[in-house]
Amino acid sequence: MTTTDAHWGTLHEAVSILAGACDYAYERDGAGFSSADAGIGHFIAEVPLAEWILEYVLTSQKLVRKYRRQLTGHPALDLINHKFVPATDTMTDEDIEAVYIGAREVARRGGEVHRARTRIAAGSSVHVDGTTVALSFPYDEELIEESRAIPGRSYDRETKANHYPLTSLSAVIAFADRHGIRVDDETRTLATAVDANPRAYADPNVTVDGKAFKIVCPFVDGLAPALRTLNGNKATWDGPSRSHRLSLTCDRGAFAALLGKFDLVADDDVVTLLGLTAVEPHVTLDGSALLIAATSGINDAVYDLRGSNRVTTVNGALRIGTHVAPAELLAHFTTAGLRLGDGVAEALANEIDTQARNRASATAETGTAVAVPGLGVDLFPHQHPAVQHIVDHRRLILADDMGLGKTITALASVAAADSFPVVIACKPDLISNWHKESARALPGRKIYTAAGMTARDIPADAEIVIIGFTALAALAERRTRTAADRYTWVEKIVEFGPQAFIVDEGHLGKNETAARSQAMAKIGPAVAAVDGLVLDLSGTPLVNRPRELAQQLVMLGYLAEEGETATDAHLFGEFGGFLYRYCGPVKNDHGTTFKGHSNLAELHDRLKAWGLYIRRDESALDLPPFSIRMLELDPALLDPDVMEEYREAEANVLAYILGSIQKEAKAKGAEPTAEMARAVISAQKAVHLVKQNHLRQILGRAKLPAVKALVAEQVSAGEKVMIAAHHADVVGEYADSFGGLTIRGGQSAAEKDDDKLAFQTAPLTDAPVITVSIGAGGVGHTLTAARIGVQAELCWTPGELKQMAKRIHRIGQDRPVDYIVPVVPNSNDTLMWAMLGGKQLVLDAVIDGVELSEDRDEEDGAVAIAMAMAQTALANA
């Protein structure tokens, strides 16, 4: 056994000890895991050591560190700071933390899949789909015979499921209970309703067919003789159609009596001819939703149009919001000749008109001027329609392109709606910027900064409250042992009663498991509940894939939190529905992933049509031309020693990738395939992220002389330049070479402001260049003194790339902007550039409605690049 194997075994033993003492936090007894860690901890303890992967090791290391007091004397404590991740010496703290976060996510998903497999081990299910009941179970001759005895059975060979009418629901549930098949409470409640009024759920078996009544039903003793009597003593049975046919000229009164005697169900046309009752409409209003009768004949169309929304049933009728595709629904109603109840046509017509206005307003660059009391600045023309849209719709994503003045638009909207007090959440290093902009835009308003990890009462006279994300996510002590996480400042903010909530760079709240995201999701709905303004400000609401939008919609109150049932206010329905509809679900051996994209045109249109989204690009301000371009560097200008180091590291990575794939192929006794390579690489995602970042860091150093020469050439031509880089040593090297002006981690807000001011105002000779760290300077900063930008190190997402470029292309820029991305040929740089281009297409489809030709799974950046390297390795093997 190697030392590494022994270390893994030590951690496995330690986690198993914790799991053995853990009761899933049922009691707060200080034993085992907390409720947040219980699922993950139990899962990785249950996985045999032989099946552990690096992600489980890293997660267990964190758990041992967290629960070290319960493991006094255990050798696992000696591994708390052990470097299980390669190349940590070349990684930033952010890189290392990202690896651990990714590892925990892998372990969490693994636990979910494990529990899901346990729940569905029987392979059986009962669910209601529209007007039918579906029952499925593994092949068993006795069960099949028993299921055939339930009335109305039909078998779908494709889905291998039994289907029954709703009137047989109670019999299906009884079958399920006998055989231990789970039935949810909602289905049992529906069965009770069906039993109370079965005729309301029964499909009509008496219809009009040409010049005859058509009766289709199982054999009923006495029915055939009764029909013969009504038919002049002539038989009514028609063999080819397997039905009885009775002339429309029969004694209708006697036929009506016969319907009641034999409990036959007539459709609307029969009811009309026999004059039995007043004809009921097919479609009626139910608040902000439609109820569509089960007999409408358009059930499939309703399900096709629902998007991410769940279609529920009320007394057998389908229920769907009027906001869901109103024009298409009305067209189906008209084509099917459905009777519409009072107000239905008007409600749909109003919704169609409203959505048309919303689509236009979402991108409007001009509009009627809005009077904003107490505003201390002048609005640009494009900001007036945005303010009006916000006042009208209250909760939305303000996704104007970077540099179009979202800060002022948001503050002006608060003033126009008189929605004070307002709470503003932002990155900690942007608090001072928001304070200055608030004082400038809303002079005289009292501003309070909520600072620190321990909350205090907010002054009652505060009108603008600014809080950083770190403080917002600060946890409070639990009041009881089993209580959920509480956020100390969130409670004070909700108690304070804001009428508006602004989240700056709202895409930073995209991760539903992150503390700041959960804190935002508690404040947003609370403000929405009093009809306040909730604004998500982000020029890149997606930086990678559509899933990142889900938690932002939760914060806005338009999507139910994961695990919660949607209400009418949740226009996009439930969390799971959103993932399955728009996030490219892909099933694999480990469950379902949502890393891709699907139905993006529908998603983009519904965001605009429902008034949840405003998006204008730089054309709204008539900004000068802007381009991002790749520049392939001359290999002769690269640092030769560092490039030698890179090629050696690259070869090691290629060998590692090839070895992992060949090992898997040997274990399976098969030739390596692309699918096999993808599975192997995806399972080692955290490892590949580390390896790719290591290569990226080396390339960053290798490019130093070439990029310095490029920047020096621009400066000598009279241009100021902004350099963007990631790794601290690279950022420092550029800063030291060009005057020392920077925006990077470790600087105070005042130091950043001083360096920005110097770059913006000092002459070229004194302030030629500013070097910006991608993590610390990508948002909230204006550096328009430069029209030339150089992205010295590539980033992982197109959103980050564009955020950096837009630091120099925004309000105040009056010259064409050239943003240069130097790339080392035949290296990981070229692979990353191609990966960024593919991801940008997905973002454009959601944000700007650009057509995307196909739905596909969107791999993580590190996986995509490792796959490209795998193809090279396999080709050269």
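Two rings of Phe, Tyr or Trp (its six-membered ring) pair if their centres lie within 6.5 Å; planes under 30 degrees apart make the pair stacked, over 60 edge-to-face, and anything else tilted. Keep that rule handy for the first close-up, and remember throughout that this is a predicted model.

**View 1. Aromatic pairs, with Phe137 and Phe175 picked out.**
By the ring rule, the count comes to 8 aromatic pairs. One of them joins Phe137 and Phe175, with ring centres 5.8 Å apart and planes at 35°, so this pair is tilted. The two rings come from distant parts of the chain, 38 residues apart: Phe137 belongs to the loop between β2 (132–136) and α5 (141–148), while Phe175 belongs to helix α6 (residues 169–178). Are these rings' residues buried or exposed? Phe137 counts as buried at 12% relative accessibility, and Phe175 is buried too, at 0%.

**View 2. An aromatic cluster of Phe572, Phe578, Tyr582 and Trp610.**
Zoom in here and you'll find Phe572, Phe578, Tyr582 and Trp610 together in one aromatic cluster. Two Phe, a Tyr and a Trp make up the group.

**View 3. Lysines over rings.**
Which rings have a lysine over them? Tyr656 is one: Lys691 lies over its face, at 4.4 Å from the ring centre. Phe626 is another, where the charged end of Lys806 sits over the ring, 4.6 Å from its centre.

**View 4. An open antiparallel sheet of 4 strands.**
Reading across the sheet, the strand order is β5-β6-β8-β7, with antiparallel pairing. At the edges stand β5 (206–209) and β7, each with a single partner strand, so each has one side without a neighbour in the sheet. Start at the β5 edge: 4 bridges join β5 to strand β6 (residues 212–215), and the two run antiparallel. For a register check, Val206 has Ile215 in β6 as its bridge partner. The connection is a hairpin with 2 residues between β5 and β6, and Gly210 in the turn takes a positive phi of about 65°. One strand further in, β6 pairs with strand β8 (residues 243–247), again in the antiparallel sense and over 4 bridges. Here Ala212 stands opposite Ser247 in β8. As for side chains, in a regular strand they alternate between the two faces of the sheet.

**View 5. Helix α19 and the glycine just after it.**
Which residues of α19 (residues 488–496) are buried? They are Thr488, Trp489, Val490, Ile493 and Phe496. An α-helix has 3.6 residues a turn, so residues three or four places apart point the same way. Just past the end of α19, Gly497 has a positive phi of about 80°.

**View 6. Thr59 and its contacts.**
Thr59 sits in helix α3 (residues 54–66). With 3% relative accessibility, Thr59 counts as buried. What does Thr59 touch, leaving aside residues up to four places away in sequence? Its contacts are Ile40, Ile44, Ala103, Arg104 and Ala107.

**View 7. Backbone oddities in three loops.**
If you like scanning torsions, stop at Phe420 and Pro421, which are joined by a cis peptide bond with omega about 0°. Pro421 lies in the loop between α16 (406–416) and β14 (422–426). Next up is Asn233, a residue other than glycine with a positive phi, near 65°. Asn233 belongs to the loop between α9 (223–230) and β7 (237–238), and its relative accessible area of 56% makes it exposed. Asp531, also not a glycine, has a positive phi near 60°. You'll find Asp531 in the loop between α20 (515–528) and β20 (533–537), where it counts as partly exposed at 47% relative accessibility.

**View 8. Two buried cysteines, Cys250 and Cys426.**
How many disulfides does the structure hold? The count is 0. A disulfide is a covalent bond between the sulfur atoms of two cysteines. Cys250 counts as buried at 11% relative accessibility, and Cys426 is buried with a relative accessible area of 0%.

Methods:
Residues are numbered from 1 along each chain as its sequence is written. This is a predicted model: local features need pLDDT of at least 70, side-chain atom pairs count only at pLDDT 80 or more; totals for chains, interfaces and linings use all residues. Side-chain values use heavy atoms; hydrogens and water are left out. Buried means under 20% relative accessible area, exposed over 50%, partly exposed in between (1.4 Å probe, protein chains only). A charge sits over a ring if NZ of Lys or CZ of Arg is within 6 Å of the ring centre and within 35 degrees of the ring normal. A disulfide is a pair of cysteine sulfur atoms within 2.5 Å. Two strands pair if DSSP finds at least two bridges between them. Contact means heavy atoms within 4.5 Å.
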